[in-house]
Amino acid sequence: GRYGSHFSSPSYFVPCEATASRPAGFMRAVSRGDRVKADPKPLFLAEKGKQGLRIFVLGDSTAMGFPHEVGGFSDWLQLRLERMLPARRVEVINAATGGWTSTNATKLLKECLTHEPDAVIWMVGHAELAGIGDIRRSIDPRWRVQAGNLIAGLSTVRFANSLIQGSRNAKDVARAVGGLVACTKEELKEVASNFEAQTREAVES
């Protein structure tokens, strides 16, 4: 993709062999959020089988369930489908990662499609500004990046952000202030254009 170069892993899921305590399957290769330990069992089995129902969830921290690894909507979807379809072997694989842009998710989608999903949930868009650095460099790799970083680092800007932390909707206000400081209309237009292009590519995949 054009943006999101920080996603460079050749494979997000890696195969794991069967052991006495787990069947053969695939485990996550790239850490999600604050996860520091490997999954105790495969996220999904190596063979889906005729009775298998496999769904991948793609997105950023919202889809991931941040700040909680357990109890997100993907977990509830797993439980609900298991009870609705007792004859099926349901696998809802949460492949979302905090801070990922649509470019990252599109790259991962292509890998997920090789694992025979019956459905893909595309919950992407909340972290698009995380890729503003790549977009800014594509527009002007020189003064614009330096100026944006300088302004964002000014003590007055940091002080203004600290003042609103206790106010109503503080996080939204801080995010809006940060966006106004760090992004130009041209850059935001590029963000929207890239999101549209990536989503179209995902749908066509």
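**Exercise 1: Who touches Ser102?**

Set aside the neighbours within four places in sequence and find which residues Ser102 is in contact with.

*Solution.*
- Start with the rule: contact means heavy atoms within 4.5 Å.
- With that rule, Ser102 touches Trp122, Val124, Glu128, Asn194, Phe195 and Gln198.
- A word on what you're looking at: this is a predicted model, where local features need pLDDT of at least 70, side-chain atom pairs count only at pLDDT 80 or more, and totals for chains, interfaces and linings use all residues. Residues are numbered from 1 along each chain as its sequence is written, and side-chain values use heavy atoms, with hydrogens and water left out.
- Next, place the residue: Ser102 sits in helix H3. Helices (H or I, at least four residues) and strands (E, at least two) are DSSP runs, numbered from the N terminus.
- Finally, check its cover. Ser102 has 0% relative accessibility, so it counts as buried; buried means under 20% relative accessible area, exposed over 50%, and partly exposed in between (1.4 Å probe, protein chains only).

**Exercise 2: Zoom out**

Work out how many helices and strands the protein has, and in what order its elements run.

*Solution.*
- Count them up: there are eight helices and six strands.
- Now walk from the N terminus: the order is β-β-β-β-α-α-β-α-β-α-α-α-α-α.
- Add burial: 36% of the 205 residues count as buried.
- Look at contacts between residues at least 6 apart in sequence: 67% of them join residues at least 24 apart.

**Exercise 3: Is H3 covered or open?**

Decide how many residues of H3 are buried, and say what they pack against.

*Solution.*
- Go through the helix: nine of its eleven residues are buried, so call H3 mostly covered.
- Name some: the buried ones include Asn104, Ala105, Leu108, Glu111 and Cys112.
- Find the partners: these buried residues pack against strand E1 (13–16), E4, E6 and H8.

**Exercise 4: How do H3 and H8 cross?**

Describe how the axes of H3 and H8 are arranged, and which residues make the contact.

*Solution.*
- Draw the axes, which are lines fitted to C-alpha atoms, for helices over the stretch in contact; angles run from 0 to 180 degrees between N-to-C directions.
- Read off the geometry: the axes of H3 (residues 102–112) and H8 (residues 185–204) come within 9 Å and cross at roughly 15°.
- Name the arrangement: H3 and H8 are therefore roughly parallel to each other. The cut-offs are under 35 degrees for roughly parallel, over 145 for roughly antiparallel, 65 to 115 for roughly perpendicular, and oblique for the rest.
- Pick the hand: this crossing is left-handed, meaning that the near helix is turned anticlockwise from the far one by less than a right angle (clockwise would be right-handed).
- List who takes part: H3 brings Ser102, Thr103, Thr106, Leu109 and Lys110, while H8 brings Asn194, Phe195, Gln198, Glu201 and Ala202.
- Sort them: three are nonpolar, five polar and two charged. Here Ala, Val, Leu, Ile, Met, Phe, Trp, Tyr, Cys and Pro count as nonpolar, Asp, Glu, Lys and Arg as charged, and the others, Gly among them, as polar.

**Exercise 5: Hunt the salt bridges**

Say how many salt bridges there are, then look at three pairs: Lys110 with Glu201, Arg54 with Glu91 and Lys48 with Asp118.

*Solution.*
- Use the rule: a side-chain nitrogen of Lys or Arg lies within 4 Å of a carboxyl oxygen of Asp or Glu. The count comes to four salt bridges.
- Lys110 and Glu201 meet at 2.7 Å, N to O. Lys110 belongs to H3 and Glu201 to H8, 91 residues apart. Lys110 is partly exposed at 43%, and Glu201 is partly exposed at 28%.
- Arg54 and Glu91 meet at 2.8 Å, N to O. Arg54 is in strand E4 and Glu91 in strand E5 (residues 89–94), so this pair ties together parts that are 37 residues apart in sequence. Both Arg54 and Glu91 are buried.
- Lys48 and Asp118 meet at 3.3 Å, N to O. Lys48 is in the loop between E3 (44–45) and E4 (52–59), and Asp118 in the loop between H3 and E6 (119–123), 70 residues apart. Lys48 is buried at 11%, whereas Asp118 is partly exposed at 40%.
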